[in-house]
Amino acid sequence: MKHIWLYLSKSDVEIERRQCLEEGRDIRGLEDRFERVLALDLEDPVNQPEAEALLDATIRQPLRADYPYVEPSDLAGIVAQRPRKAVHIQPPRLTPAELEDKIYGAWTGRCVGCLLGKPVEGWRRPRMWGYLKDTGRWPLSDYFRYDIADPAIRQRYDLRPGAAFADLVDHMPEDDDTNYTTTGLAVMQRYGPDFTPENVADFWMSDIPILHTCTAERVAYRNFVRLIPPPRSATFRNPYREWIGAQIRADFWGYVAPGRPETAAEFAWRDACVSHVKNGIYGEMWAAAMVSAAFTTTSVAELPEIGLRYVPERSRLAEAIREVIQWRKDRIVYDEAVDRVHAGWDENHGHDWCHTISNAMIVSIGLLWGEEDFALSICRAVQPCFDTDCNGATVGSIMGAYLGRKALPASWADHIHDTLHTGVTGYHVVHLRDITRDTLRQIERVVS
């Protein structure tokens with residue numbers, strides 16, 4: 001039995017080196033070991049121990065003395081490094097009907113935004129932008145479709161019917177982005193508002209098949225079964241510890257704490273720390289706080305800044321999001337903002353393509369340049385490429401919470417027929433109206 005995903009690959013080793021450099025670890029003394037390991041055939045199990053020993057060594061290296069960021073992973077450390085300015089968010093003053101409409105809108109918006117980006121996940125700009133322009137659909141303004149008039153275009157862009165194009169599905173197919181939102185609900189139902197990181201790990205092992213997880217989550221899962229508990233499960237031989245996986249798990253924590261972003265951010269920390277560190281954790285806390293605040297804010301434009309109140313001020317994530325906010329203040333046009341993200345992050349490198357920070361910047365662009373319009377916001381989160389389904393889902397979730405289900409355009413929302421498929425035990429086929437009611441019951445437990 002040879003499962004390559006259980007091995008450390010050359011790509012893993014290269015990503016680990018890049019990750020160490022970005023988080024400020026002094027690995028100058030390990031360069032020869034990196035080169036030696038990269039020269040090995042890592043598909044041969046006999047060479048795995050040397051790769052494993054290298055990753056064990058990298059995580060022990062100290063930070064450089066000149067490293068300019070302060071990025072703790074523990075909750076107390078994160079709270080201590082937040083902006084000093086006092087934060088007060090008014091709890092929601094919503095009628096039960098208004099709250100239900102907004103929760104329903106958030107679930108629907110997440111599914112719709114995810115479905116928009118799902119068939120083009122992994123497409124780089126030349127492919128996606130070429131498809132849109134060759135089909136007369138530039139800029140993006142609707143779901144991607146498989147059934148286009150010119151078969152040569154279908155061949156040119158390698159369109160495949162299994163890729164969840166909107167004309168081929170009438171529901172939200174299973175996706176990790178929606179699996180984790182459903183997981184948040186299930187964790188809260190099982191363990192309540194006092195759930196712990198260990199509860200999250202236990203739930204994953206009992207209710208999520210391991211092959212339904214990816215990158216940092218799969219590494220963490222592998223560590224759980226080796227009896228490595230959180231938070232060490234996030235650091236043990238995990239090159240993906242700052243990738244986007246935790247950020248896509250944020251939304252339910254905002255749903256269950258509407259108008260209470262600090263609570264949402266704390267829930268997000270408990271979830272994130274099982275698989276991520278530093279900016280990987282901050283991405284989930286930032287997104288959860290934004291989702292929570294979206295239920296009561298009067299301006300979408302303030303949400304990225306609200307989210308930053310709950311993460312360390314001197315972190316790379318905060319620095320990047322502040323930069324995007326400044327672009328908007330400087331009246332940089334949308335296309336230029338997208339180009340600036342691409343100038344700083346290489347979409348052709350897996351680490352850049354799937355990193356928390358690059359994708360958080362694109363989420364911010366979707367919100368800040370979306371003009372409080374649902375369709376424009378999700379399209380402007382997907383068109384830049386990078387992790388299209390993740391970013392479309394996060395922006396769709398926030399806009400759905402902000403606008404409510406009744407305000408979502410029928411051409412987008414009705415397409416999925418209120419139906420979500422997941423890989424989570426007990427939730428393989430669910431109706432969004434029902435899952436909304438389940439969420440409302442959990443809100444009562446949080447606020448009681």
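Partly exposed, in this talk, means a relative accessible area between the buried class, under 20%, and the exposed class, over 50%. Lysine 10 falls in that partly exposed class, because its relative accessibility is 38%. Before going on: this is a predicted model.

I will start at helix α1, where lysine 10 lies. Leaving out residues up to four places away in sequence, lysine 10 touches Leu38, Ala39, Leu40 and Leu42. How far apart are lysine 10 and glutamate 262 in space? C-alpha to C-alpha, the two are 40 Å apart, with their positions 252 residues apart in sequence.

Further along α1, which spans residues 10–22, comes arginine 17. Is arginine 17 buried or exposed? With a relative accessible area of 17%, arginine 17 is buried, because the cut-off for that class is under 20%. Its contacts, again without residues up to four places away, are Ile27, Glu31, Phe34, Glu35 and Leu38.

One of those contacts, Phe34, belongs to helix α2, residues 31–38. Phenylalanine 34 has 0% relative accessibility and so counts as buried. On the same exclusion of up to four places in sequence, phenylalanine 34 touches Val13, Glu16, Arg17, Ile27, Leu54 and Thr58. The C-alpha of phenylalanine 34 is separated by 8.2 Å from that of glutamate 14, and these two residues are 20 apart along the chain.

Next, helix α6, which runs over residues 125–134. Which residues of α6 are buried? They are Met128, Trp129, Gly130, Tyr131 and Leu132. The buried residues of this helix pack against three others: α16, at 334–344, α19, at 374–382, and α20. Just after α6 there is glycine 136, with a positive phi of about 70°.

That brings in α20, residues 388–403, and its crossing with α18, residues 356–368. The two axes come within 9 Å, and the crossing angle is roughly 40°. At that angle α18 is oblique to α20, because roughly parallel is kept for angles under 35 degrees. The crossing of α18 and α20 is right-handed. On the α18 side the contact has Asn359, Ile362, Val363 and Leu367; on the α20 side it has Asn391, Thr394, Val395, Ile398 and Met399. How do the residues of this contact divide by type? Six are nonpolar, three are polar and none is charged.

Now the second helix pair, α8 and α9. Their axes come within 10 Å and cross at roughly 115°. This makes α8 roughly perpendicular to α9, as that class covers 65 to 115 degrees. The handedness of the crossing of α8 past α9 is right-handed. From α8, the residues in contact are Tyr180, Thr183, Ala186, Val187, Arg190 and Tyr191. They meet Asn199, Val200, Asp202, Phe203, Trp204, Ser206 and Asp207 in α9. By type, the residues of this contact are seven nonpolar, three polar and three charged.

Staying with α9, residues 197–207, the buried residues are Pro197, Asn199, Val200, Ala201, Phe203, Trp204 and Asp207. These pack against α8, at 176–191, and also against α10, at 215–224, and α12, at 261–272.

Last, the aromatic rings. How many aromatic pairs does the model have? The count comes to 16, taking rings whose centres lie within 6.5 Å. One of them joins phenylalanine 252 and tyrosine 255, at 6.3 Å centre to centre and with 75° between the planes, an edge-to-face arrangement. It is classed that way because the planes are over 60 degrees apart. Both residues are in helix α11, residues 251–255; they are three residues apart, so about one helical turn separates them. Phenylalanine 252 is buried, at a relative accessible area of 0%. Tyrosine 255 is also buried, at 0% relative accessibility. Which residues form one aromatic cluster with Phe252 and Tyr255? The cluster adds Trp107, Phe195, Trp253 and Phe267 to those two.

Note on methods:
Residues numbered from 1 in each chain as written. Predicted model: local features only at pLDDT ≥ 70, side-chain atom pairs only at ≥ 80, totals over all residues. Heavy atoms only, no water. Axes fitted to C-alpha atoms, helices over the stretch in contact; angles between N-to-C directions. Helix = DSSP H or I, 4+ residues; strand = E, 2+ residues; numbered from the N terminus. Parallel < 35°, antiparallel > 145°, perpendicular 65-115°, else oblique. Left-handed = near helix turned anticlockwise from the far one by under 90°. Contact = heavy atoms within 4.5 Å. Nonpolar A, V, L, I, M, F, W, Y, C, P; charged D, E, K, R; others polar. Buried < 20%, exposed > 50% of the residue type's maximum accessible area, 1.4 Å probe, protein only. Phe/Tyr/Trp six-rings, centres within 6.5 Å; stacked < 30°, edge-to-face > 60°.
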